[in-house]
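I opened my notebook and picked a few things to look up, one entry at a time. Here is what I wrote down.

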Amino acid sequence: MAPAESFSTDLIKVSEPSPHVYHVELARKPVNAFSAELGIQYGTLFDRLAEEGDGVRAVVLSSALPKIFSAGLDFSDAKTVSSISASPKTDGARNAMAIAAFLKDVQYAFQAPARCPFPVIVAVHGPVIGLGIDLICSCDIRYAASSAVFTIKEVDVGVAADVGTLAYLPKITGNLSVVRELAYTSRSFTAPDAHKLGLLSRVVEGGRNEVVGAALELAKVIASKSPIAVAGTKKLISHALDHSIADNLEYTAVWNGAALQSQDIAEIQGSATLNKAPQFAPIRRAKL
């Protein structure tokens, strides 16, 4: 597999701080505002990791900037603005279809972590605004520094959040009343608020370095587990979000009918007998 750094772009840094753990850092100065190009690079990167990253078992996503995670959408980006603006030379129906197609492309890019077979842990600090919340919602696990402040900002610019926040938050939090209040008002809420709401697994005292360090430690633990077991667990939890218990149990039986034939089970048992860490083969991705 190619080295982690080969996945880096001009706006996103990629490294491998420990075996099988990749660190993806958003690095669009000054505030990680999402331009069309950053959105394209973000979705493409995670799709590439899913397709080419045979050795990747966990990813930590963070900001490379010291004081902020993301300021949301970059309204100064001409390509983004033109894509979501109606053209006076085109009728309303065609404008609507063009804008909808653009929004679906953005949604697809932001859903890329959910398509990955490995867990994505996002570690945020400072302001997490608008699209920043859309972005973290599609990640598996969310950690925040105590300095983090969240805002569902879209109503303040005249739109409804349209890239994932309103789809995910009711299911993540189970508190529709609070989700509606935060989305209707754009009221900022703190990391402890987000933790209480269920948006976060953990609040880490400090700033960027502290929360990223905690997330990387968690990723190391996950990376030590069977990649077949972790990938299957992610798939089955994701399936449960949109299916009944009966449907999920049926799906699980079929899935594990194959997964229980994994060599990882024997490797774990044999390693335990010898009192050593198990060694797992990478998951190979077939290509046309």
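**Entry 1: L131.** I looked up L131 and found its place in helix 5; helices here are DSSP runs (H or I, at least four residues), strands are E runs of at least two, and both are numbered from the N terminus. This is a predicted model, in which local features need pLDDT of at least 70 and side-chain atom pairs count only at pLDDT 80 or more, while totals for chains, interfaces and linings use all residues. Residues are numbered from 1 along each chain as its sequence is written, and side-chain values use heavy atoms, with hydrogens and water left out.

Is L131 buried or exposed? L131 counts as buried because its relative accessibility is 10% (buried means under 20% relative accessible area, exposed over 50%, partly exposed in between, with a 1.4 Å probe and protein chains only). I then listed its contacts (heavy atoms within 4.5 Å). Leaving aside neighbours within four places in sequence, L131 touches F34, G72, L73, F110, E154 and V163. L73 caught my eye: L131 and L73 are 58 residues apart along the chain, yet their C-alpha atoms are separated by 6.0 Å.

**Entry 2: the largest pocket.** I met L131 again here, since L73, T80, F102, V106 and L131 lie nearest the centre of the largest pocket, out of 35 lining residues. For the search, a 1 Å grid is laid over the protein atoms alone; a pocket is an open set of points where a 1.4 Å probe fits, with protein on both sides within 12 Å along at least five of seven lines, and lining residues have an atom within 4 Å of a point. I noted a volume of about 680 Å³, meaning the space filled by probe spheres set on the points.

Which elements give two or more residues to this lining? I wrote down helix 1 (36-52), helix 2 (78-83), helix 3 (92-110) and helix 5 (131-137). Helix 3 gives the most, with eight residues. By class, the lining divides into 20 nonpolar, seven polar and eight charged residues; Ala, Val, Leu, Ile, Met, Phe, Trp, Tyr, Cys and Pro count as nonpolar, Asp, Glu, Lys and Arg as charged, and the others, Gly among them, as polar.

**Entry 3: the second largest pocket.** I noted about 590 Å³ for this one. Its lining has 23 residues, and C139, D140, I237, S238 and L241 are the closest to its centre. Strand 6 (141-145), helix 6 and helix 10 (227-241) each give two or more residues to the lining. Helix 10 has the largest share, eight residues. I sorted this lining into 13 nonpolar, five polar and five charged residues.

**Entry 4: helix 6 and helix 7.** I followed helix 6 (residues 165-173) to helix 7 (residues 176-185): their axes come within 9 Å and cross at roughly 145°. The contact uses L166, L169, P170 and T173 of helix 6, with L176, V179 and A183 of helix 7. I counted six nonpolar residues, one polar and no charged ones in this contact.

**Entry 5: S271 and E250.** I found S271 in helix 12 (residues 263-274). S271 counts as buried because its relative accessibility is 2%, and beyond four places in sequence it contacts K276, A277 and P278. E250 sits in helix 11 (residues 245-259) and is exposed, with a relative accessible area of 54%. Last, I checked E250 against G270: they are 20 residues apart in sequence and 30 Å apart in space, C-alpha to C-alpha.

Technical notes:
Axes fitted to C-alpha atoms, helices over the stretch in contact; angles between N-to-C directions.
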